[in-house]
Every structure is written in structure tokens, then in C-alpha cells.
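Work through the exercises below with the sequence and the structure in view, and try each task before reading its solution.

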Amino acid sequence: MSSEFKNNAILGPINSWMFKILSGYMNYLFGKSKRDLFKNHPETVVEIGPGAGANMRYLKKGTKLIAIEPNIHMHANLKKSAKKYGITLEIKTVIGESIDLPDNSIEFVACTLVMCTVANPAKCVEQIKRILKPAGVFVFIEHVKAKENTIVSFIQNVTHKPWHWFFEGCNTKRDTKSLLESAGFSSLSIEEYNSYSPFVPITPQIKGRAIK
Ligand SMILES: C[S@@+](CC[C@H](N)C(=O)[O-])C[C@H]1O[C@@H](n2cnc3c(N)ncnc32)[C@H](O)[C@@H]1O
């Protein structure tokens, strides 16, 4: 068990419930992109921060999902989703910055809306690269920092503290695009776009695919 992740006995269960409830809406917002990103995934997938299991609906039945999820309050809903979608689930209660999988062992890693929350995203990306086999694929959807002096940037600044507290460390002002661009993947395709929803602080987003 990771000692670097602080499980919150009140917010953890609330967020787990909320991510479960919101997974249908997230499918409405991101379903098309996610189906494209998860298309042709191999038999084993590693997901960083799968939460309540919002992405299992895009995996083929029988897929083995290795879930890197340090928040123990997510685990019950993860197990329920795995049962619902016919996924063989292995949960690792470790942080994405310290994944206990061997070097060059995994073909496919995914994460959605996670780099905003991990304490050290650079270290997490380093770990993703480490566990990927050569030519292994990393797919992602992340919300990112808005351009300075825009309404969204203003809203991100105003909501930062309560948002960060309520969503257990989520930072709406992360420049994950630059982080991925400097991470040294052999190829990287990133699309930046605005996904309009009531969740304005997470409006500018990136999605894409990186190859080790
Ligand atoms: C906003 S939720 C996203 C959940 C899910 N990926 C989705 O798209 O619905 C962020 C997730 O990252 C997890 N998380 C937070 N810190 C982490 C870390 N250091 N390593 C791995 N996962 C982490 C949280 O427990 C939570 O499940």
C-alpha cells in the first residue's frame, strides 16, 4: 500500500460515488474520443487512476485491467464496474509515481483526467514510459490550464482552492501538454480542444496518443 497517498475517509467515498454517477455523462462528453483511443487495445491494459471504472465500457470483454489506484475508496466501485463489463481486474494500491510493474512489460497504458491530480505528474509519466514496452502506447485525455487572461483562466483561478480540496488534489492549472511534449516519447499526437460542459474549470482539454 502506498504511504504517499492520503486516503480521505469523507471525500474519498463521496468522489467515488460521484465518479460512478457521472460516468454516463462522461461517456456523453468523451465517449467518441475514448472509443477511438481504446480502439485495438491489447488483452492487458494498465490504467492509472481509473477511479470508479468509467473507462471499462470501452474495453473488450475479457480484458485484463491492471488498475493503479491508490484511493481505496474507489475500489468497491471499480470491482462493480469490472463485473458489469466482464473485465478481469487486478488492483494495485500504489501511486502512479511508483508503479510496481517491471520495465518494458506493458503494451498499453491509459489515463483520463488523472495527471491533474497526481502529486508529481512528471514522475508518473516517467513511470508510464518505464513500464511500456518499446513501441508501447499511452493514451490520455486530460484537462489543462487555460490560456492566461481568458474567462476560463479567471474561473480556474477563482475555483482553484475549493476544487483542489473537494476533488482531492485536482489542479485545474496543470500544463500537462508541455509535460507530455518534453517527456521524450518517440511519437506524440496531441489535440487541444474545448469541451464545453457545466464543469467550466476543466474546459480546455487535450487528448492523444504517445508511443514509447
Ligand atoms: C478525477 S479522477 C478520474 C477518474 C477516472 N480516470 C475517470 O476518468 O473518471 C482522478 C483519479 O486519479 C486517482 N489518483 C490520484 N492521485 C493518484 C496517483 N498519485 N496515482 C494514481 N492515481 C491517482 C484518484 O484516486 C482518482 O481515481
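**Exercise 1: The shell around the ligand**

Sort the residues of the shell around the ligand by class, and then name those that come nearest.

Solution. In this predicted model, the shell divides by class into 12 nonpolar, six polar and two charged residues. Of the 20 residues around the ligand, the nearest are Gly-49, Glu-69, Gly-96, Glu-97 and Thr-112.

**Exercise 2: Polar contacts and cover**

Find polar atoms of Gly-49, Gly-51 and Glu-97 that face atoms of the ligand, then state how much of the ligand the protein covers.

Solution. Begin with the backbone, where a polar atom of Gly-49 lies 2.8 Å from a nitrogen atom of the ligand, while a polar backbone atom of Gly-51 is 3.3 Å from an oxygen atom of the ligand. Turn next to Glu-97, which places a polar side-chain atom 2.9 Å from a ligand nitrogen atom. On its own the ligand has 590 Å² of accessible area, and the protein covers 93% of that area. Finally, locate the site as a whole: the ligand sits in the largest pocket.

**Exercise 3: The annotated span**

Describe the span that UniProt lists as "domain: Methyltransferase type".

Solution. The unreviewed UniProt entry gives residues 46-140 for this domain. The span is 23% helix and 31% strand, and its end C-alpha atoms lie 12 Å apart.

Key: Residues numbered from 1 in each chain as written. Predicted model: local features only at pLDDT ≥ 70, side-chain atom pairs only at ≥ 80, totals over all residues. Heavy atoms only, no water. UniProt positions renumbered as here; feature names shortened; annotations may be inferred. Helix = DSSP H or I, 4+ residues; strand = E, 2+ residues; numbered from the N terminus. Near = heavy atom within 4 Å. Polar contact = N/O pair within 3.5 Å; in protein donor to acceptor, adjacent residues only side chain to side chain. Areas by Shrake-Rupley, 256 points an atom, 1.4 Å probe, with all protein chains shown as cover. 1 Å grid on protein atoms, 1.4 Å probe; cavity = no way out; pocket = protein on both sides within 12 Å on 5 of 7 lines; lining within 4 Å. Sits in = over half its atoms within 2 Å of the grid points. Nonpolar A, V, L, I, M, F, W, Y, C, P; charged D, E, K, R; others polar.
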